[in-house]
Amino acid sequence: MPGHRSSGSLSRLMHEGPSSPGQESWPSSSPALFMWTRRKTTTALPVFANEKRASRRQVPLWVLLVCAACFFVSALILGLGLGLGCIARYRAAALSSASTPPPFNYSSFYGISPGLEFVPIERLINTTELELRSPLEFSSSNNDGEQQQHSPTVREYVFNITQALATPDGFRKPMLLFNGQSTGPLVEAATGDVVRVVVNNGVAGRSTTVHWHGINQANSTWMDGVAGVSQCGIPPGQSFTYEFRVDAQRGTFWYHAHLGVQYTDGAYGPIVVRDPRGEMVPPTDEERILFVSDVYHAYGSVLLNSYLNSSSKWVPFESGVEPLADNILLNGQHVYDCSVVSTTYPPDLDNDPYARKADDSSSCTGGRMYTTKVKPGNKLRLRLINTSSFLSYWVSIDNHTFTIVELDGVEIEPLTGQRGVYLNIGQRAAANTSNPFGVANNGVRGDVWEGCDDMPFDVPKPMRKMDAVEVTEANTHYIEYMFRQAQDVNRIFINKVGKQAWHY
Ligand SMILES: [Cu+2]
């Protein structure tokens, strides 16, 4: 079969590496043996010298004794003085070098560049895109559900990933941004379109990738963007072009950096896929993207480093306890009480160049709430996305009920009269809402799902079936792994990725 190495040749390859230590034998003239042999041969020399020395023993013994005594006394006087002087000087030099160790480079250790640019909140948040006020244009279905032709197109984007300082909740922190913003730029496509995103990694000293959360990647698994699994990280200063077709999918998705904990520092954004043939959801007048997220005031890799130690800064007596977020965010922003330095990870004021000092009022401004205006009486579709690193949420709006119409990119039979929706990390839900009570009416918050942290699985009923991806030979990709032992290092090589079935 093309592109697939037979298991016979694979097993042959597996044994092609350097032979195992058991198979190797020391060469007959190994260095150790050679040295031992040489030493053995030189043992003849002292015998010869002894003989010579014995023949010179004509000097009177008292001369030897006087010489020895003189040598001993002068050695004691000179040696102690000069010698100790030398030692003292050596010690002083050693001590002085020990007292000035090379300074700990916080920035390079944690991957935070020095001299980061500051991005004000007005530039950080792209309100226009989050409000979805100018949705993608294509010929859509009419009200009778009659299908219209949509010729698939290529939607092109360029993402420049950079590091910068910003204050998502008013508290200044180093962030990773897509095109200088968090949340990142809106990716919008129609079902059947090809999405092409050139990702330029502008982060000094750190690789990155971008994962397209919820996108099936049928026939394009290598575009999934998971570092170390479907691709290597994009090195600093280099680019990678993602290209995938959004087939048979529509709804609410998101993307995020997928190396280490990079999205914890703000590297995420929305994807909205619209189907020209129409979607099985009740129509609304307006739409909003609503990211719910958490935020850590310390940089992600600083937290990760502490978390991976046997004892963390937040729980010193136990390993493996995740840090609690400092705040929650709605659409990348929120307010914060600046008198609280951090609930999780007090900054290292001596080493962290970006740690907020107590007297530094400019680095905590108090932040701002996310607000949006909806025309009275209008029906609104909220595209909820939980981009947290740690927290799940019950999302509700006072005085409003929800009709849940989509879960994770699949339309469901509308769940009407809901007081809210539970969102786990990575989950999306679309909820249509209106304000039947009026803002002046203080409605009760109502019941939440009880006894379970999530919506029971049997409640949502999908409105359409998604075809399973065909797994035939024409659609199969082979990856071969090869295990090799080289010296003390076990290595796994991805030998070959075969049979590309990517065509459109
Ligand atoms: Cu994801």
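**Exercise 1. Find what joins strand β10 to β11, and place both strands in their sheet.**

Start with the pair itself: β10 (residues 286–295) and β11 run antiparallel and are joined by four bridges. Strands here are DSSP runs of E with at least two residues, helices are runs of H or I with at least four, and both are numbered from the N terminus. Two strands pair if DSSP finds at least two bridges between them.

A quick word on the model: it's predicted, so local features need pLDDT of at least 70 and side-chain atom pairs count only at pLDDT 80 or more, while totals for chains, interfaces and linings use all residues. Residue numbers start from 1 along each chain as its sequence is written.

Next, pick out one facing pair: Asp294 stands opposite Ile328 in β11. Now zoom out. The open sheet has six strands in the order β11-β10-β12-β17-β14-β15, with mixed pairing. Its edge strands are β11 (327–330) and β15 (410–418), each pairing on one side only.

**Exercise 2. Work out the order of the four-stranded open sheet, then follow its two edges inward.**

Step one is the order: β4-β9-β8-β6, with mixed pairing. The edges are β4 (187–190) and β6, and each pairs on one side only.

Step two, go in from β4. Four bridges join β4 to β9 (residues 268–274), and these two run parallel. Val187 has Ile271 in β9 as its bridge partner.

Step three, go in from β6. This strand pairs with β8 (residues 251–257) in the antiparallel sense over four bridges, and His211 stands opposite His256 in β8.

**Exercise 3. Say which way the residues of β6 point, and whether they are buried or exposed.**

Here's the general rule: in a regular strand, side chains alternate between the two faces of the sheet. In β6 (residues 210–213), Val210 and Trp212 point one way, and His211 and His213 the other. All four of these residues are buried. A residue is buried if 20 or more other C-beta atoms (placed from the backbone) lie within 10 Å of its own, exposed if 12 or fewer, and partly exposed in between.

**Exercise 4. Explain why the buried residues of helix α8 line one face.**

First, list them: Gly300, Val302 and Leu303 are buried in α8 (residues 300–307). Then look down the axis: the buried residues fall within an arc of 165 degrees, so they line one face of the helix. That arc is taken from the directions from the helix axis to the C-beta atoms. Finally, ask what sits over them: the cover includes α5 (106–110).

**Exercise 5. Track down the unusual backbone spots.**

Remember that most residues other than glycine have a negative phi, and most peptide bonds are trans.

- Ser182 and Thr183 are joined by a cis peptide bond, with omega about 15 degrees. Thr183 lies in the loop between β3 (173–178) and β4.
- Asn219 isn't a glycine, yet its phi is positive, about 65 degrees. You'll find Asn219 in the loop between β6 and β7 (239–245). Asn219 counts as buried because it has 20 C-beta neighbours inside 10 Å.
- Asp408 has a positive phi too, near 50 degrees. Its place is the loop between β14 (401–407) and β15. With 16 C-beta neighbours inside 10 Å, Asp408 counts as partly exposed.

How values were computed:
Two residues are in contact if their C-beta atoms, placed from the backbone, lie within 7 Å.
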